[in-house]
Amino acid sequence: MSIGVCYFPEHWPQERWENDFEKMASAGLEYVRMGEFSWSTLESERNEFDFDWLDDAVELAGEYDMQTVLCTPTATPPKWLVDDRPEILQKDPDGTVREFGSRRHYCFNSTAYREETKRIVTTLVDRYADIPHVVGWQTDNEFGCHRTVRCYCDDCADAFREWLEDKYDTIETLNDAWGTTFWSQRYTSFQEIDPPGPTPAEHHPSRLLEYARFSSDSVVSYNRLHAELIRDVNPDWFVTHNFMGRFPTLDAYAISEDLDLVSWDSYPTGFVQDRYQADPTRDQLRAGDPDQVGMDHDLYRGALDRPFWVMEQQPGDVNWPPFCPQPGEGAMRLWAHHATAHGADAVLYFRWRRCLEGQEQYHAGLRKQNGEPDRGYHDAMQAVAELDELGDIDHVAAPVALLFDYDNLWALSEQPHAPTSDYWSLLASFYGAVRAYGVQVDVVHPTTDLGEYDVVVAPALHLVANELADRLTEYVEDGGQLLFGPRTGVKDEYNKLRPVAQPGPLSDLVGATVDQHESLPSQIETGVSPTGTSNETYTFQTWAEWLDVDTADPLYEYCTDGIESGRAAIVEHAVGDGTVVYCGVWPDADLVDELVRPRLDRAGIAHSDRLPNAVRTNERGGYTWVTNFSSDRYRIEPAGSEPTWILGNETLEPFDVAIAEGEIVDGLAIDRV
Ligand SMILES: [Zn+2]
């Protein structure tokens with residue numbers, strides 16, 4: 001278990017560097033990431049290279065026994081390149097050019113930019129091919145940040161048409177698959193199909209979905225170019241990319257197929273403000289939401305089913321969210337433990353020192369701008385010492401799979417059918433319910449082999465191909481516990497309704513079909529009760545489906561006084577050796593809890609009592625972490641004998657972490673004191 005840091009030597013006078021590396025090394029930092037955004041420093045004009053500074057920095061890292069991760073510098077093409085080849089610039093849907101002056105202004109489909117990429121990456125990797133402490137490469141930086149996955153330039157238009165022709169072969173096939181008779185949208189050739197620009201009303205949903213897929217594929221192919229150039233020179237290097245949190249437009253599973261190591265950039269107090277449906281609480285503004293961060297950890301761990309890295313860990317206050325509160329005392333240490341507990345093998349803080357210039361001056365580092373230690377530095381040093389004690393530990397073994405995929409995210413985002421409908425938040429409802437019992441979750445693509453999972457949760461499989469329906473049926477027949485959420489089985493893979501009732505090819509498995517659906521604003525009262533009783537009422541939000549029950553057993557029915565009253569809302573169906581539950585509403589926390597807990601019990605998964613929202617447990621490698629993302633104090637009460645505490649003890653302080661030897665989650669209770 002390692003801690004590292006991102007360092008920008010080019011921002012500082014060279015006489016400082018040795019002092020910086022000496023301090024990093026003496027603090028126990030094992031990895032340093034360098035070189036991203038450095039193109040204009042490496043090549044001030046075409047073919048005028050200056051590698052001396054990076055050579056010196058890499059050499060210093062080696063002298064201090066630090067492992068170096070280098071980056072391809074392509075996220076920031078320099079001004080001379082943009083002036084020389086302006087066709088590399090991206091365009092907005094309305095044709096506005098995304099100009100030089102920030103970053104990520106290049107188009108993934110630009111032939112010119114791919115040539116330039118090949119030139120700079122080849123030059124760089126050749127230079128560092130034989131440096132033993134250069135251990136791997138990060139491709140580019142945060143592909144797609146600032147809404148740049150989707151570009152609308154002429155190169156993209158051409159590439160989109162080719163992509164469609166490869167997929168559909170004939171234009172008639174496309175017309176049929178999309179259903180272009182509607183609003184007179186039939187095409188006579190692929191050349192007629194443009195990227196989706198401004199229109200009076202919304203675009204055809206099939207065209208939008210294909211543009212989302214095509215745009216993501218364009219990044220996949222651009223990343224593959226980097227990966228191949230790197231591996232050609234030194235196959236021992238790892239290739240990684242730093243993804244972002246809850247990031248909507250790039251298929252991380254597809255990109256990861258070309259990576260050896262998945263990494264991501266974790267900024268908990270930023271994400272909780274701009275990627276979170278609820279208003280964050282005071283504590284969440286200080287430390288983030290453990291499940292929001294945890295779901296990303298589990299997604300990026302699940303992408304290759306192996307340990308991941310946090311390539312950028314929030315070091316203190318940051319510059320980009322609406323508000324920039326100081327993290328809680330110890331939060332920077334807490335996040336490193338939380339990441340490790342979720343399966344990270346290394347956590348690198350971003351950055352070594354607050355920068356004096358440019359767009360990120362309001363972004364903290366481990367050191368202040370005057371070089372003195374900042375709050376994050378003390379936290380990082382503590383994390384170094386504590387995680388080093390653990391040594392190497394095993395990969396996380398999760399008994400529950402949460403099915404997530406970008407096609408469904410894109411399709412539902414294009415037609416949310418309610419302002420409050422949000423795919424991530426729906427996923428988070430189900431994810432949080434499992435995590436509230438201390439159970440580990442792999443967030444995986446539906447094509448993953450599900451045989452190893454005791455429980456599979458599929459919150460919104462909106463697009464379901466027949467092949468997926470067959471595999472899910474087989475999973476349940478073989479004894480799996482499967483929980484579906486609402487809006488499942490609505491459309492085919494082309495984003496078109498099927499000529500049969502929802503959930504389409506899953507209807508036999510579910511044993512029920514959807515008669516009607518409705519979306520509901522918050523001022524409409526909602527409620528369901530266990531079928532045949534009215535003693536308990538559970539609320540839901542945003543979405544409701546009225547089910548026609550066939551061979552399933554009704555579990556819950558609508559109990560509010562309205563046209564839906566008495567209709568089935570949730571059903572359970574025994575199929576083969578397993579059970580499937582279909583939940584036709586977006587359940588609030590108490591209802592989803594009533595659905596998740598029985599699945600865990602029936603599958604025989606050891607779990608804790610329901611945990612407080614800000615406290616989570618993780619088991620990994622023979623240890624149990626208990627993390628506290630709040631300013632409250634808690635008492636940890638294991639069901640068995642008092643465990644051996646490696647770190648902390650049974651009293652969990654605010655924003656603190658405790659680690660016990662062994663797996664202690666079964667029967668564990670945690671209460672506020
Ligand atoms: Zn483009």
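The legends below describe close-up views of a predicted model.

This is a predicted model, in which local features need pLDDT of at least 70 and side-chain atom pairs count only at pLDDT 80 or more, while totals for chains, interfaces and linings use all residues. Residues are numbered from 1 along each chain as its sequence is written, and side-chain values use heavy atoms, with hydrogens and water left out.

**View 1. The zinc ion is coordinated by four cysteine sulfurs.** The donors are Cys107 (SG), Cys151 (SG), Cys153 (SG) and Cys156 (SG), at 2.2 to 2.3 Å, where donors are N, O and S atoms within 2.8 Å of the metal (3.2 Å for Na, K and Ca), and sites may look incomplete because water is not among the atoms. The angles subtended by the four donor atoms run from 95 to 118°, which makes the arrangement tetrahedral; four donors count as tetrahedral if all angles lie between 85 and 135 degrees. For comparison, the ideal angle for four tetrahedral donors is 109.5 degrees. Along the chain the donors follow the spacing C-x43-C-x1-C-x2-C. Distant parts of the chain are linked here, since cysteine 107 sits in the loop between helix 4 (79-84) and helix 5 (111-127), and cysteine 156 in helix 6 (residues 154-168), 49 residues apart; helices (H or I, at least four residues) and strands (E, at least two) are DSSP runs, numbered from the N terminus. Cysteine 107 and cysteine 156 are both buried, as is cysteine 151, with a relative accessible area of 2%; buried means under 20% relative accessible area, exposed over 50%, and partly exposed in between (1.4 Å probe, protein chains only).

**View 2. Cysteine 355 is buried, and its sulfur is too far from the closest cysteine sulfur for a bond.** The relative accessible area of cysteine 355 is 6%, and its sulfur is 13 Å from the closest cysteine sulfur, which belongs to cysteine 6. A search of the whole structure finds zero disulfides, a disulfide being a pair of cysteine sulfur atoms within 2.5 Å.

**View 3. Eight strands form a closed barrel with parallel pairing.** The strand order is 1-2-5-6-7-8-9-10, and two strands pair if DSSP finds at least two bridges between them. Neighbouring strands of this sheet are turned by 25° against each other on average, direction ignored; axes are lines fitted to C-alpha atoms, for helices over the stretch in contact, and angles run from 0 to 180 degrees between N-to-C directions. Within the barrel, strand 7 (residues 238-243) and strand 8 (residues 261-266) pair in the parallel sense over four bridges, and asparagine 242 has serine 263 in strand 8 as its bridge partner. Helix 12 (residues 290-304) packs on the sheet, where it touches strand 7, strand 8 and strand 9 (308-313), and its direction makes about 165° with that of strand 8; contact means heavy atoms within 4.5 Å.

**View 4. Strand 23 (residues 623-628) is largely enclosed by the rest of the structure, because six of its six residues are buried.** In a regular strand the side chains alternate between the two faces of the sheet. Here Tyr623, Trp625 and Thr627 point one way from strand 23, whereas Thr624, Val626 and Asn628 point the other way, and all are buried. Strand 23 pairs in the antiparallel sense with strand 22 (residues 615-620) over six bridges, and glutamate 619 has threonine 624 in strand 23 as its bridge partner. The two strands, strand 22 and strand 23, form a hairpin with two residues between them, and glycine 621 in the turn has a positive phi of about 60°. Five bridges join strand 23 to strand 27 (residues 657-661), and these run antiparallel; in strand 27, isoleucine 659 is the bridge partner of tryptophan 625.

**View 5. Two cis peptide bonds are shown, one joining phenylalanine 350 and arginine 351 and one joining glutamine 502 and proline 503.** Omega is about 15° for the bond between phenylalanine 350 and arginine 351, and arginine 351 is found in the loop between strand 10 (344-350) and helix 14 (375-390). For the bond between glutamine 502 and proline 503, omega is about 5°, and proline 503 is placed in the loop between strand 14 (481-484) and helix 18 (507-510).

Conventions
Four donors count as tetrahedral if all angles lie between 85 and 135 degrees; four count as square planar and six as octahedral if opposite donors are over 155 degrees apart and all others between 65 and 115; anything else is irregular.
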